[in-house]
Amino acid sequence: MSKKAVFLIIILGVMLALGGCASSDEGKEVITPQEKMITVGFSQLGAESDWRVANTESLKNSLSIDNNYILVFDDAQQKQDRQIIAIRKFIQQEVDCIVLAPVMEEGWDTVLTEAQNAGIPVIVVDRRVNVSDPSLYTAWVGSDFDREGKIACEWLNKYIEKKGISGDELNILGIQGTLGATAQIGRTNALLRSSKEYGWNIVEMVPADYAQTKAKEVMQQMLRKYSDINVVYCENDNEAIGAIEAIEEAGRTVGTDITAGEIMIISFDAARSGLEKVLEGKIALDVECNPLQGNEVDKIIKNVMAGKEFSKNTYVEESVFSADDTVQGLIIDNKAYSITKLTNEVLAGREY
Ligand code: GYE
């Protein structure tokens, strides 16, 4: 426990012993440390992936006692109704602010109207909410998932161009995230658009809820069903790791030499577990999705509470990592993206 937490507990204890008296001799209100604290209810959607664990950690670290927060945390275990119950509890508890990492986009109008009526600001993190009135949430912090998908697809297009492989030789399996989640919608849509544009074959799109074991099962089934899959587009690293396990157990090889029968893996997140596979050459491309949103959320909450300006939408910084340097740069919507060939030194700097 930090010094500040110990100090707070002592102060609260003394106040209780004095019968809850918080007034000075002159009758002026004494501002106690407790009153200066900001109470935040955080509804996190679950703990399905390395990304999610890092995201929870980041928010917990930023919304800490030392930083003047009292954090009430709730893990909804992938269930939207649990998130709705948690938000209603936060409203009853009269928290100062609610942070919501929503499992899916739809279905938030009613509960967010309840929060708005109670005068509690809601900061949405990671995935988005699709609501009839954008004033139902105060701000959002996260990533551009469609752009992440575009980066992956443009890279694949350039890669096969350089290797002299034509688009119609690609047979892509898409292992999707949780259906209805913004990260799934963005990454899936980007793949579907590019397949149309470049003439790639999509053998099937199957959801695996961003979970390693589920993705492994999906991959096992798909390998039995199709013999010609040569690219697997996994919508996060845990799915990629599950797919790699299934492919290797089936006696096949992951890599980039698809004309020699290898299966190419594309992934998102760039968590340490995924980047280790990039370094081994087992994931060809890993598009970063940055889970470290705590600092931004802290700044926004403090500005909201102080009545200062803040942005409605904040995008976090992200990079792109590949196993080799066949493709070094991309231009997407007039913006240049460099592709970092992953090395031990780059990996060493990854905390999560
Ligand atoms: O890619 C995945 C997680 O919504 C961006 O959810 C997030 C995704 C992330 O479980 O690993």
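I will talk about two aspartates with an unusual backbone angle, one helix and one threonine in this predicted model.

Residues are numbered from 1 along each chain as its sequence is written. Because the model is predicted, local features need pLDDT of at least 70 and side-chain atom pairs count only at pLDDT 80 or more, whereas totals for chains, interfaces and linings use all residues, and side-chain values use heavy atoms, with hydrogens and water left out.

Let me begin with the backbone. Most residues other than glycine have a negative phi. Asp126, however, has a positive phi of about 65 degrees; Asp126 sits in the loop between β4 (122-125) and β5 (139-142), strands being DSSP runs of E, at least two residues, and helices runs of H or I, at least four, numbered from the N terminus. Asp126 is buried, at a relative accessible area of 3%, where buried means under 20%, exposed over 50% and partly exposed in between, with a 1.4 Å probe and protein chains only. Asp269, in strand β9 (residues 264-269), also has a positive phi, near 115 degrees, and is buried at 4% relative accessibility.

Turning to helix α3 (residues 50-62), its buried residues include Trp51, Arg52 and Leu59, and among the elements that cover them are β1 (38-44), β9 and α11 (294-305).

Finally, Thr182 belongs to helix α7 (residues 182-198) and is buried at 9% relative accessibility. Leaving aside neighbours within four places in sequence, Thr182 is in contact with Glu105, Arg127, Arg128 and Phe145, contact meaning heavy atoms within 4.5 Å. A polar atom of the Thr182 side chain lies 2.8 Å from the backbone nitrogen of Arg128.

Conventions: Expected span 1.5 Å × (residues − 1). Polar contact = N/O pair within 3.5 Å; in protein donor to acceptor, adjacent residues only side chain to side chain.
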